Amino acid sequence: MKENIKLKLELLPDKPGCYLMKDITDKVIYVGKAKNLKNRVRSYFHGSHNAKTTKLVSEINDFDYIITSTNKESFVLEINLIKQYDPKYNILLKDDKTYPFIALTNEKNPRLIVTREPRKKNNAKYFGPYPNVKAARSVQNLLNQLFPLRKCKNIPKKECLYYHLNLCLGPCIKKEEIDYTSYKKEIIDFLNGKTKNVIEILEKKMQQAAANLEFEKASEYRDEINNIKNTTSKQLIDLNSDIFADYIGVYSKDDYLAIHILMMRQGNIVANYNTILPIISDLNDTFNGFMTQYYNPNITPKEIYINENLYDETLVEIINSNFIIPQKGPKYQVLEMANINAKKDLENKFLITRNKALRDIETIEELGRLLNIKTPYTIESFDNSNLFGEYPISALVVYKNGRACPKLFRKYHVKTVKGANDYETMKEVVYRRYLRLKLENKEMPDLILMDGGKIQVHACLEVLQSLNISIPVGGIQKDEHHRAKLLFFNEQEIPIAKNSPIYLLIANISERVHDFAISFFRSTKAKGLFSSKLDNINGLGKARKEKLLKEFITIDNIKNASIEDITKIGIPENVAKAILAKLKDDDK
């Protein structure tokens with residue numbers, strides 16, 4: 001344990017509050033809350049943890065804490081700190097991931113809008129949340145076609161197309177006040193689940209379209225009717241209730257928490273939402289963190305049904321809803337249904353993950369058979385990059401069991417090769433990589449794939465032979481668009497069917513190593529450009545180098561400048577002379 005952490009742990013108070021875990025760069029990576037800061041924060045550094053918490057603790061270099069007066073205050077503070085710092089280990093529903101509502105505005109000429117930020121102060125009526133913005137906009141579009149509400153955000157000075165299509169009553173040109181009362185009532189009824197009137201309107205429109213031989217339009221109305229009926233049809237459990245309610249099912253296993261919400265409107269399940277979250281501290285904290293971010297404080301269902309072990313009085317205080325723990329009857333059955341769905345969600349996630357791993361193994365087994373080598377469980381790939389011989393670098397990516405392992409990727413600054421010599425560059429980097437593995441007695445890869453063809457493969461094989469190491473080496477040859485085309489192996493070009501599992505694997509490796517090399521090259525170039533020839537000049541620090549770069553752009557421009565030109569930008573004369581002298585010496 002780091003000494004600074006050890007000292008801070010001794011000073012922790014027995015009070016509620018929030019704690020902020022920081023990494024070595026002083027970046028906040030996790031925010032948590034606690035009824036007792038001393039007990040909670042100490043627990044991270046003592047005893048055993050699950051894999052995710054262990055990973056978090058391994059990155060903690062320091063921590064801070066904020067004391068609050070009450071546990072409720074720590075809940076609210078945690079929400080704000082998460083929004084402020086965006087910690088990578090926290091569950092965070094960012095603004096673009098909140099859930100959409102449909103609002104009927106309380107304006108003289110009302111509109112239907114889709115919003116992610118409901119506000120009670122404007123007295124609009126909100127309906128939702130909807131599982132996604134597509135679903136919300138679909139309902140909004142349907143109602144806008146059926147009811148002539150205002151469509152424009154700002155009322156124009158003359159009528160628009162909506163008025164001429166009878167989709168708007170034209171408040172822009174009518175001087176008298178328009179009465180929207182009946183339209184608003186029907187819209188509110190529909191959004192509350194009473195769809196009979198809307199279906200009757202659509203059926204009339206469908207029949208009229210059919211009578212006019214507009215069969216395509218008639219089929220669109222038919223589809224709308226079916227969509228409404230399917231969405232709002234009576235469930236197996238009919239609660240015969242007008243109350244908006246959410247039933248929150250949960251299931252946890254292997255340090256994951258699945259949450260499945262069934263949204264009940266007018267006694268019917270009209271939508272659902274599900275998510276799977278990693279458990280960092282404990283299950284209840286994970287659940288509470290989700291709830292405080294999922295539910296907007298102003299817009300919540302009248303009732304929220306949860307399992308007894310998740311009930312938290314502070315959570316109830318923060319979320320403006322009536323929390324209920326059903327014990328039996330139809331509402332208990334709905335909650336059980338939500339729990340069953342949560343369990344299925346998590347089982348499906350594990351199944352998908354397992355199947356993906358199996359497919360990856362099958363792909364590398366197939367690659368082994370294609371090349372007549374043992375299954376390449378570990379594949380390494382190299383690529384080089386430079387700018388006309390300047391800033392030469394190389395990059396290595398590693399794949400285990402058919403999947404990239406970024407933690408094992410390596411970057412190389414080329415040390416011995418001058419100029420743009422891909423063959424010698426590849427030899428240097430391959431030599432450094434596998435000499436080190438050999439000296440450290442580490443596991444060698446099962447296959448090396450060079451991001452290139454015959455030249456790169458031969459360079460690699462030459463080095464491996466000199467080190468007395470036997471590893472199969474292939475090359476990923478590219479087409480004119482720089483996309484993987486075929487494999488070069490054992491002096492043969494082996495075509496690979498596009499969209500086959502093997503092609504997708506080698507294309508992924510090629511793209512990954514190329515992007516990794518280019519990224520490293522650009523950062524190397526950015527650091528070296530304009531600084532390499534200006535290093536070690538007395539009086540020329542970072543700030544003055546930046547002034548030179550901003551004014552002269554290139555080294556050649558500086559070299560051709562006069563001492564007066566350089567001193568004009570605030571650089572002392574003796575330093576200007578030293579700069580020009582250094583650049584002239586470099587040309588000799």
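These are my notebook entries on a predicted model, taken in the order in which I looked things up.

**Entry 1. The chain as a whole**

I started with the secondary structure and found 19 helices and 19 strands in the chain. I then looked up burial: 46% of the 588 residues count as buried. For contacts I took those with a separation of 6 or more, and residues 24 or more positions apart account for 57% of them.

**Entry 2. The sheet β5-β4-β6**

I next went to an open sheet of 3 strands, which has the order β5-β4-β6 and antiparallel pairing. Its edge strands are β5, residues 112–115, and β6, residues 125–127, and each of these pairs on one side only. I noted the twist as well: neighbouring strands of this sheet are turned by 30 degrees against each other on average, direction ignored.

How many bridges join β4 and β5? I found 4 bridges between them, in the antiparallel sense, with β4 covering residues 101–104. As one register point I wrote down I102, which stands opposite V114 in β5.

**Entry 3. Helix α5 on that sheet**

I followed the sheet to the helix that lies across β4 and β5, which is α5, residues 133–146. Its direction is at about 175 degrees to β5.

I checked the length of α5 against expectation. The helix has 14 residues, and at 1.5 Å a residue these should span 20 Å. The end C-alpha atoms of α5 are 20 Å apart, so the length agrees.

Which residues of α5 are buried? I listed A136, V139, Q140, L142, L143, N144 and L146. I marked Q140 and N144 in that list for a second look at their side chains.

**Entry 4. E59 at the end of α3**

I looked up E59 and placed it in helix α3, residues 51–59. Is E59 buried or exposed? Its relative accessible area is 19%, and the cut-off for buried is under 20%, so E59 counts as buried.

I then asked what lies around E59. Leaving aside neighbours within four places in sequence, E59 is in contact with K22, D23, I24, I29, K88 and Y89. K22 is 37 residues from E59 along the chain, and the two C-alpha atoms are separated by 7.8 Å.

**Entry 5. M264 in β8**

M264 lies in strand β8. I noted 3% relative accessibility for M264, so this residue counts as buried. I also took one distance across the fold: the C-alpha atoms of M264 and E303 are separated by 9.7 Å, with the two positions 39 residues apart along the chain.

**Entry 6. Positive phi outside glycine**

I wrote down two residues here. D254 is not a glycine, yet has a positive phi of about 50 degrees. Its place is the loop between β7, residues 245–253, and β8, residues 256–265. With 52% relative accessibility, D254 counts as exposed, because the cut-off is over 50%.

N441 has a phi near 55 degrees, again positive in a residue other than glycine. I found N441 in the loop between α13, residues 422–439, and β16, residues 447–450. Its relative accessibility is 71%, so N441 counts as exposed.

**Entry 7. Aromatic pairs**

I found 13 aromatic pairs in the structure. One of them is Y273 with F290, a stacked pair with 6.2 Å centre to centre and 10 degrees between the planes. Y273 belongs to strand β9, residues 268–278, and F290 to helix α10, residues 283–294, so this pair ties together parts 17 residues apart in sequence. Y273 is buried at a relative accessible area of 10%, and F290 is buried at 1%.

I then looked at F382 and Y434, which form an edge-to-face pair at 6.0 Å centre to centre, with 70 degrees between the planes. F382 lies in strand β12, residues 378–387, and Y434 in helix α13, so the pair ties together parts that are 52 residues apart in sequence. Both rings belong to buried residues.

Going back to the stacked pair, I traced ring pairs that link Y273, F290, Y294 and Y295 into a cluster.

**Entry 8. Charges over rings**

I closed with two lysines. K8 lies over the face of F63, 5.6 Å from the ring centre. K349 has its charged end over the ring of Y256, at 5.2 Å from the centre.

Definitions and conventions: Residues are numbered from 1 along each chain as its sequence is written. This is a predicted model: local features need pLDDT of at least 70, side-chain atom pairs count only at pLDDT 80 or more; totals for chains, interfaces and linings use all residues. Side-chain values use heavy atoms; hydrogens and water are left out. Two strands pair if DSSP finds at least two bridges between them. Helices (H or I, at least four residues) and strands (E, at least two) are DSSP runs, numbered from the N terminus. Axes are lines fitted to C-alpha atoms, for helices over the stretch in contact, and angles run from 0 to 180 degrees between N-to-C directions. Contact means heavy atoms within 4.5 Å. The expected span of a helix is 1.5 Å times one less than its number of residues. Buried means under 20% relative accessible area, exposed over 50%, partly exposed in between (1.4 Å probe, protein chains only). Rings of Phe, Tyr and Trp (its six-membered ring) pair if their centres lie within 6.5 Å; planes under 30 degrees apart count as stacked, over 60 as edge-to-face and the rest as tilted. A charge sits over a ring if NZ of Lys or CZ of Arg is within 6 Å of the ring centre and within 35 degrees of the ring normal.
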